Structure formats: structure tokens, C-alpha cells
Amino acid sequence: YGEVFRVTQRSPSYQLAVLWGLPVLVVCGFGAVRLAAAVRARALSIATAVWLVLAACALGLLAVPEVIAIRDIYPAPYERGNTYFKLTFQAFVLLSLLVGSACATIAASSRRRLRGWAVACLLAPLFAYAPLAVHSRHGPPAAWGLTGLDGLAFLETRRPGEGRAVEWLLANAHPGAVLLEADGDSYTEAARLSMATGIPTVLGWYTHEWLWRGGTRRVDDRRAQVRLAYELPRVPAVRERLERYGVRYIVIGELERSRFRGIDEEGLHSLGRTVFQAGNVEIIELPR
């Protein structure tokens with residue numbers, strides 16, 4: 001947004017060590033070995049040069065948000081949160097590639113005992129991370145309530161009909177169509193059918209849209225238009241706005257009924273024809 005500032009709150013050293021300690025140690029140690037070998041040979045191979053450049057990029061991406069950040073809509077103490085997230089996400093990818101290449105090089109070493117211990121020490125924390133992370137987030141396996149690997153199964157179990165609505169949209173929605181459904185706050189189930197199908201909606205998560213655009217004017221306008229579409233669908237100006245947005249499908253489900261208390265379902269039905277209905281959700285298709 002045009003303003004770069006010097007940060008005043010930095011990450012505690014122990015948190016940096018927890019997040020980045022192992023990969024940084026591997027990258028720095030392995031990089032020192034490769035650089036020393038190049039110095040002894042008085043020749044720097046292209047592979048070593050590329051590896052060192054990527055290592056410098058990864059470490060730089062970790063260092064930058066500890067010094068400067070780009071200001072966005074979030075106040076202190078979260079003002080550098082998005083800068084840290086965006087840069088260190090890229091650092092994570094680079095570090096993963098670098099550690100992987102280090103493991104491959106060590107595994108190819110002629111010293112069998114050394115390579116066995118080294119690869120084991122590098123891989124053990126990686127295999128330990130997954131169960132520890134899942135347990136810290138979701139508790140013991142008995143409390144998970146898992147019934148499979150379908151990440152969208154909750155739509156059908158929580159609100160019957162919505163999972164089938166997703167399947168219908170994936171199979172039948174016209175290319176370029178826009179979906180109208182309930183908007184809402186970040187990290188809620190607002191815009192859930194758009195999320196599950198990839199079909200764009202008029203407005204999704206309010207705060208994220210506000211953040212990406214650096215202001216609320218356009219987001220507030222869309223939020224008002226979504227509400228008007230559900231509560232006053234018979235008004236000609238509302239229909240004109242739906243046409244301007246390219247809305248082809250309107251969703252009426254539990255989220256819409258709870259968010260828009262004055263929802264005019266009869267008026268919504270007058271806009272088009274019901275093309276899907278299951279459980280407590282239906283989809284109305286508007287004419288082109």
C-alpha cells in the first residue's frame with residue numbers, strides 16, 4: 001500500500017528457533033561445506049552457485065520481516081503479520097527444497113555410517129511433526145470423529161443438502177457463471193459453495209476483501225447489494241445489479257436464512273426457476 005516502515009516488535013528468539021531452527025542449521029551448515037569445497041577447488045560449479053543463491057534468498061526472506069514491513073489494515077501488535085506470512089511462506093518452500101537436496105547429497109555419500117545417521121537425524125523431526133501438530137490442534141485420535149478423507153463432507157453432514165448442491169454445481173454450472181450466497185466474516189463458512197466449487201461469488205469474506213483492496217468502500221457496497229438481493233429481490237434496481245455482476249445462480253440455505261432475517265424467498269423464486277433442491281438448500285437459476 002505504498003508505506004514501508006521499520007518494525008518495532010520482533011519475534012522472540014525462542015520462537016524463531018522453534019519455527020526455523022532445524023532447516024536454518026542444515027542450510028547454513030551444508031552451505032558452508034559446499035562453499036569451503038568450492039574454495040579449495042578454486043571453482044564454483046553452477047549447481048553450487050544456484051544452491052547458495054537460493055539459500056541466501058531463503059535466509060533473507062526470514063530476516064526482512066524482522067526489520068521492515070508493509071503497512072496494511074491491521075493495527076499494532078499485528079501490523080507486520082501479513083508481511084511475515086507472505087515472505088516466510090516463500091522461505092518455507094525454499095528451505096524445503098534446500099534441505100531435501102542436502103539429504104540427497106548426504107545419502108549419496110560414500111561413508112555409509114555417516115550418511116545413515118545424518119539422514120535419520122534430518123528426517124526424524126519431519127516425521128515427528130505431523131502427529132504432534134495434529135494432536136495439538138485436534139486432540140487425541142478418538143476425538144477426531146473422522147469418517148474419511150473427504151474435506152467437503154462437513155457440508156452435507158452439518159447442513160444436509162449442501163454437499164449435494166456442490167456436486168450439482170460442479171456438474172451443471174455454466175462456464176463463467178457467478179453465484180450469489182451469504183457473505184460473512186473471515187474464517188467462517190460464508191461463501192462455502194463458492195469455496196467448494198471455485199465458482200465466483202459476489203462477496204466472500206469481508207475482512208479479506210477489505211485487506212486486499214486497502215479500503216471498505218467497494219466491499220461495503222457489495223455487502224449492501226447482497227443483502228438487498230435477498231431481502232428486496234423484486235426491486236428492478238436490484239435485478240439490474242445482479243445482471244451487472246453476472247449472477248446466474250442464487251443459493252437459499254440455512255446460512256442465507258439466518259444471515260438475512262428479512263429474506264424474501266417468494267421474490268427470489270420469481271427471478272428464475274429452481275434447478276436444485278435437497279435438504280434445506282435450493283438453487284435458483286436466473287435466465288441469461
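Does E285 count as buried or exposed, and at what relative accessibility? In this predicted model, E285 shows 8% relative accessibility, so it counts as buried, the cut-off for that label being under 20%.

E285 belongs to strand β6, which runs over residues 281-285. Its side chain is paired up with that of R248 through a polar contact of 3.0 Å. R248 also turns up among the residues that E285 touches; leaving aside anything up to four places away in sequence, that set is made up of H174, R248, Y249, G272, R273 and V275.

Now for the empty space inside the protein. A search for cavities of 30 Å³ or more turns up just one, and the volume of the largest cavity comes to about 30 Å³. Two helices give two or more residues each to the lining of this largest cavity, namely α9 (217-231) and α10 (236-245). Of these, α10 supplies the largest share, with four residues.

As for who actually lines the largest cavity, the roll call is L180, V202, Q225, V226, A229, V238, R241, L242 and Y245. By residue class, the lining splits into seven nonpolar residues, one polar and one charged. With Arg counted as charged, the charged member of the lining is R241. The polar one is Q225, as Gln falls outside both the nonpolar and the charged lists.

How values were computed: Residues numbered from 1 in each chain as written. Predicted model: local features only at pLDDT ≥ 70, side-chain atom pairs only at ≥ 80, totals over all residues. Heavy atoms only, no water. 1 Å grid on protein atoms, 1.4 Å probe; cavity = no way out; pocket = protein on both sides within 12 Å on 5 of 7 lines; lining within 4 Å. Points joined across faces, edges and corners; volume = space filled by probe spheres on them. Buried < 20%, exposed > 50% of the residue type's maximum accessible area, 1.4 Å probe, protein only. Polar contact = N/O pair within 3.5 Å; in protein donor to acceptor, adjacent residues only side chain to side chain. Contact = heavy atoms within 4.5 Å.
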